[in-house]
Amino acid sequence: MSDLKIENKYVFLLAAIQFAHIVDFVILMPLGPTLILDFGISPAQFGSLVSSYNFSAALTGLLFSTIADRFDRKKLLDLCMIGFIVGTILCGLAPTFTLLLLGRILTGVFGGILNILVFALVTDLVPFERRGNAMGVVMASFSVASVLGIPIGLGIADFISWHWTFFFIAFFSSFIAFAAWRILPNRPVEKDCTPAKEVLLRFVILLKRFDYLRAYGLILMTAMSMFFIIPFLSPYAVHNMGVKTEQLKYMYLIAGLVTIVTARLIGKFTDRSGSLKVFSTIAVCSIIPIWFYTNSGILSFPVYLVLSALFMSLVSGRMIPVMTMVSQVPDQKDRGTFMGLLNSLRSFGTASATLMAGLIISEDANGNILGFDRVGYITISLTVLSIFVAASVFYKSKNIESTLKKSVV
């Protein structure tokens, strides 16, 4: 077998691992109406279920980055896949809200580390000249999870129960884990003997740099403005918009397909017109579906599908120009640590927004969700503020780039 075919096999396996843990994370959100009914929990408690995964992933990802370069990454991947599968099975077995919460925390520990290891192994196994395409294949896992993983998972929940959705994720993840164990090569690393205390101190130093703080703030605002709303889209649709629980899978299917197309278009426009111009345009346009979704009452199902597809493509699409923009911010020597911190802060932001939104939202005696309009106004405010922060990040990075070019000349 040629080297390129072997390389493609590695990339496919890493994309499959990314798909597995992304499906495990995102499946909980559309299961919201079912879980709220089964456990008799409040929107705030449901918010804690969703946010627990990301809080766990953010903390463990930060801690893991202090030891990531001291062990064979492939062996770490094998161990984390086992932990991830065990955590997912525990979620399926959970008979109470508390046990499900503990299962989500455990799964988040391993899911957060898997996310880091997958991208690290792509860097290890794929030459630079083909790495961009490999990264694109792995990052497409999120769209595939929306188009295939969520509808299948919801279909299982509709026809059997939500417990079996998690069992199904653990089942196919076991095959992926076995294939990765057999096929992926060991990746011994040149051990970094820097004490963990010094690595953490470096994190603190980078957090104090003002130009970096602007980038962190932009990521936090963008992530929070997404996850104030996204985890509660399904409960609000079922309780306030007249959508049936069994119809939700079609929304994720259609919205996922639309997002695959729009993500590619947004990426091309970002390269052609500049990250700030594209981000600002999409951010302003996203205000329209945010307002309509959080203030709508009963809708026909076709109108709901159109609104949801517009919401998903615009709100999630903002992250493409944002990540392009902040990638220009760090110095070369700080890039690895900067991106690790950025990933942890993004997870922390999504978890915090979900938790806060759950505290704002409540239910009336008929089960209708109240306060979702207030969450929408907070999201719109963050979106508008993020445009000004993005301009600050963009022009600062442009000034740095211009200075560097002059120094080279």
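Here are short questions and answers on a predicted model.

User: What kind of model is this, and which rules apply to its values?
Analyst: Residues are numbered from 1 along each chain as its sequence is written, and side-chain values use heavy atoms, without hydrogens and water. The model is predicted: local features need pLDDT of at least 70, side-chain atom pairs count only at pLDDT 80 or more, and totals for chains, interfaces and linings use all residues.

User: How many salt bridges does the structure have?
Analyst: Side chains of opposite charge can pair when their charged atoms come close. A salt bridge here is a side-chain nitrogen of Lys or Arg within 4 Å of a carboxyl oxygen of Asp or Glu. By this rule the count is three.

User: Is R104, which forms a salt bridge with D24, buried or exposed?
Analyst: The closest N and O atoms of R104 and D24 are 3.1 Å apart. The pair links distant parts of the chain, with R104 in helix α5 (residues 97-125) and D24 in helix α1, 80 residues apart. Helices are DSSP runs (H or I, at least four residues), numbered from the N terminus. Buried means under 20% relative accessible area, exposed over 50%, partly exposed in between (1.4 Å probe, protein chains only), and because R104 has 0%, R104 is buried.

User: Which helix holds K249, the salt-bridge partner of D158?
Analyst: The closest N and O atoms of D158 and K249 are 2.7 Å apart. D158 lies in helix α7 (residues 141-159), so the pair ties together parts 91 residues apart in sequence; K249 lies in helix α12 (residues 248-273).

User: How are the rings of F168 and F172 arranged?
Analyst: The structure holds 17 aromatic pairs. In this one the centres are 5.2 Å apart and the planes are at 65°. Rings of Phe, Tyr and Trp (its six-membered ring) pair if their centres lie within 6.5 Å; planes under 30 degrees apart are stacked, over 60 edge-to-face, the rest tilted. So the pair is edge-to-face.

User: Which helix gives the largest share of the largest nonpolar core?
Analyst: A nonpolar core is a set of buried Ala, Val, Leu, Ile, Met, Phe, Trp, Tyr and Cys residues joined through side-chain atoms within 4.5 Å. The largest has 115 residues, and those with the most contacts inside it include L35 and F372. The largest share, 13 residues, comes from helix α1 (residues 3-26).

User: Is T222 buried or exposed?
Analyst: T222 is found in helix α10 (residues 210-227). Its relative accessibility is 2%, so T222 counts as buried.

Key
Helices (H or I, at least four residues) and strands (E, at least two) are DSSP runs, numbered from the N terminus.
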